[in-house]
Amino acid sequence: MNIKSASFINSKTLNILLLFFPATFLMGNAVVNIHILLVCVTGIIVFKKEIFSFKNEKLSVVILIFFILILFFTLIDISKDPRNDHFFKSIAYFRYFFLFLVSSCLVRSGKFKIKYFLVSCLVCLLFLSLDIIYQFLNGSDIFGFVGYEGYNEANPHSGKSKYHLAGFLNDEYVAGGYIQKFFVFALILIPVIWKKLDKPKFLISTILPIIFFSGILFSGNRIPLMMFCVSILLMMILIKELRLSLGIAFLFCVLIFTTSIKTNDNLREYYKSFYDNSSAMIALMKKFVPQKYPELEKRREENCIEKSNDLFCEHFSKYFKNNKVQRKYETPAYGSGHWVIYLTAIDVWIDNPIIGNGIKSFRIKCLTKLHLPNRICSSHPHNYYLELLNDTGLLGALLLVCAIFYLITNKFFNFKYYEKNEKLLFICLLIIIIAEFFPLKSSGSFFSTINSSFTFLILGMLNGLKKIKE
């Protein structure tokens, strides 16, 4: 079929595909990847050469360099470490660069149907949030998936959580993170479609945040709950149309939180442990980050050189964790486990601070640190900045952070030239980026399918906002 004859592939088709982004995020990585492929192919057909025209798009070139660095640094580590098998993953990661370009071109062209995208976000969020609230009150959701009651004390790894609810996501306890990512899109729908807020509209703009807050609270996802509160406060400051309704909603949210933790033992125990772990984490990090263990390093090095076997070195590190040599070192309780992961990530990064170790390399490199006290392995460092430093080094992390900072400031200086919907979209994207890249929060992997697709989708939208009008 000739591309020119495919008249049905146009900006409307692209908008329809984008409408399904909030829904596909609920369906798993495989569906998201297929969806991204469809969006990228459709975008390339619709915008043709325009999508690759970087003449006046210096930021797109910078983002491209970031992706090239990921590939290059991964190749360097592959040449040193045969265990690194992430070459094809570093190639496949370029799909998010094309997603960035397509979303940029669509917004810049003025053909992005923002209202429909916001409605899609609202529908998905309401469905998930109300399902979780129903599960919390009823014991099972509308599809019959059980909540806390399904947890088995005798078998804690049976698949059900004592502290989390997931609604129709069943055993995938990411509902709170999903609501927190998209809820700002849903809330700006109100000022986008209505110029003035009468009583019914004011009531809607007050109730919606309460529903989303309750969904995150009962899901048991604590960091998303914190980011939700930060985002609501920023919206109250930046969006005057919603200031009063969000202020009232925030007070109700505080009341719901207080009542819930007083009446529900699971919630009270879970959120109390979050406070205790958070307050202790900074003190533990300050205490243990500067500590060096030359005698342990020497012993591991001697044994690894003697055996001259990488696999043995890994097993030696694991064995050394329980060796009596380590028992004289202080090993505080792990709590949530994040602070020991952060310690390990800092150690791994220091080994290769400039270029890092390539994409998704932490799960391999952390094995070399298990002979040290208070170190542990994980699939990723659970913090965006630590993961970027580990995988792309100082060069890649600074490049991406500086690109995002430039993008925000550049669009901010053009803010007064935007029309109403453009202003609201800018504020929405700004708040989402602040919450997504909040330095102190624990997070999923930056390079995961969900987080990468969401990040480069919103960065593309922000980049597509018009420049200063003549």
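This report walks through a predicted model of one protein chain, from its overall makeup to selected residues.

## Overall makeup

The chain has 20 helices and 0 strands. It holds 470 residues, and 53% of them are buried. The accessible surface comes to about 22,400 Å². Carbon and sulfur atoms account for 66% of that surface.

Contacts tell how the chain folds back on itself. Take the contacts between residues at least 6 apart in sequence: 76% of them join residues at least 24 apart.

## The second largest pocket

The second largest pocket has a volume of about 290 Å³. Its lining counts 14 residues. Those that lie nearest the centre are Gly-110, Phe-112, Ile-114, Asn-421 and Glu-422. Two elements give two or more residues to this lining: helix H7 (114-138) and helix H19 (420-436). Helix H19 gives the most, with 4 residues.

What classes of residue line the second largest pocket? The lining has 7 charged residues, 5 nonpolar ones and 2 polar ones.

## Salt bridges across the sequence

A search of the whole structure finds 6 salt bridges. One of them pairs Asp-77 with Lys-365. The closest N and O atoms of this pair are 3.0 Å apart. Asp-77 lies in helix H4 and Lys-365 in helix H17 (residues 362-365), so the bridge ties together parts that are 288 residues apart in sequence. Are the two partners buried or exposed? Asp-77 counts as buried, because its relative accessibility is 6%, under the 20% cut-off. Lys-365 is buried too, with a relative accessible area of 12%. The pair also belongs to a network of salt bridges that links Asp-77, Asp-81 and Lys-365.

A second bridge joins Asp-351 to Lys-369. Here the closest N and O atoms are 2.7 Å apart. Asp-351 sits in helix H16 (residues 338-351). Lys-369 sits in the loop between H17 and helix H18 (384-413). The two residues are 18 apart in sequence, and the pair links distant parts of the chain. Lys-369 is buried, with a relative accessible area of 7%.

## A salt bridge within one helix

Asp-265 forms a salt bridge with Arg-268. The closest N and O atoms are 2.3 Å apart. Both residues lie in helix H13 (residues 265-288). They are 3 residues apart there, so about one helical turn separates them.

How accessible are Asp-265 and Arg-268? Asp-265 has 52% relative accessibility and counts as exposed. Arg-268 has a relative accessible area of 34% and is partly exposed.

## The loop between H17 and H18

This loop holds two residues with a notable backbone angle. Asn-374 is in the loop between H17 and H18. Its phi is near 60°, a positive value in a residue other than glycine. Asn-374 counts as buried, because its relative accessibility is 0%.

His-382 lies in the loop between H17 and H18 as well. It has a positive phi of about 65°, although it is not a glycine. Lys-369, the salt-bridge partner of Asp-351, is also placed in this loop.

## Two nonpolar residues on helices

Phe-72 lies in helix H4 (residues 58-80). That is the helix that also carries Asp-77. Phe-72 has 46% relative accessibility, so it counts as partly exposed. Which residue is paired with Phe-72 across 283 residues of sequence? The partner is Ile-355, and the two C-alpha atoms are 9.2 Å apart in space.

Leu-244 lies in helix H12 (residues 243-263). At 56% relative accessibility, Leu-244 counts as exposed, because the cut-off for exposed is over 50%. Leu-244 and Phe-202 are 42 residues apart in sequence. Their C-alpha atoms are 8.9 Å apart in space.

Technical notes. Residues are numbered from 1 along each chain as its sequence is written. This is a predicted model: local features need pLDDT of at least 70, side-chain atom pairs count only at pLDDT 80 or more; totals for chains, interfaces and linings use all residues. Side-chain values use heavy atoms; hydrogens and water are left out. Buried means under 20% relative accessible area, exposed over 50%, partly exposed in between (1.4 Å probe, protein chains only). Contact means heavy atoms within 4.5 Å. Accessible areas come from the Shrake-Rupley method with a 1.4 Å probe; for residues, only the protein chains shown count as cover. On a 1 Å grid over the protein atoms alone, a cavity is a set of points where a 1.4 Å probe fits but cannot get out, and a pocket is an open set with protein on both sides within 12 Å along at least five of seven lines; lining residues have an atom within 4 Å of a point. Grid points are joined across faces, edges and corners, and a volume is the space filled by probe spheres set on the points. Ala, Val, Leu, Ile, Met, Phe, Trp, Tyr, Cys and Pro count as nonpolar, Asp, Glu, Lys and Arg as charged, and the others, Gly among them, as polar. A salt bridge is a side-chain nitrogen of Lys or Arg within 4 Å of a carboxyl oxygen of Asp or Glu.
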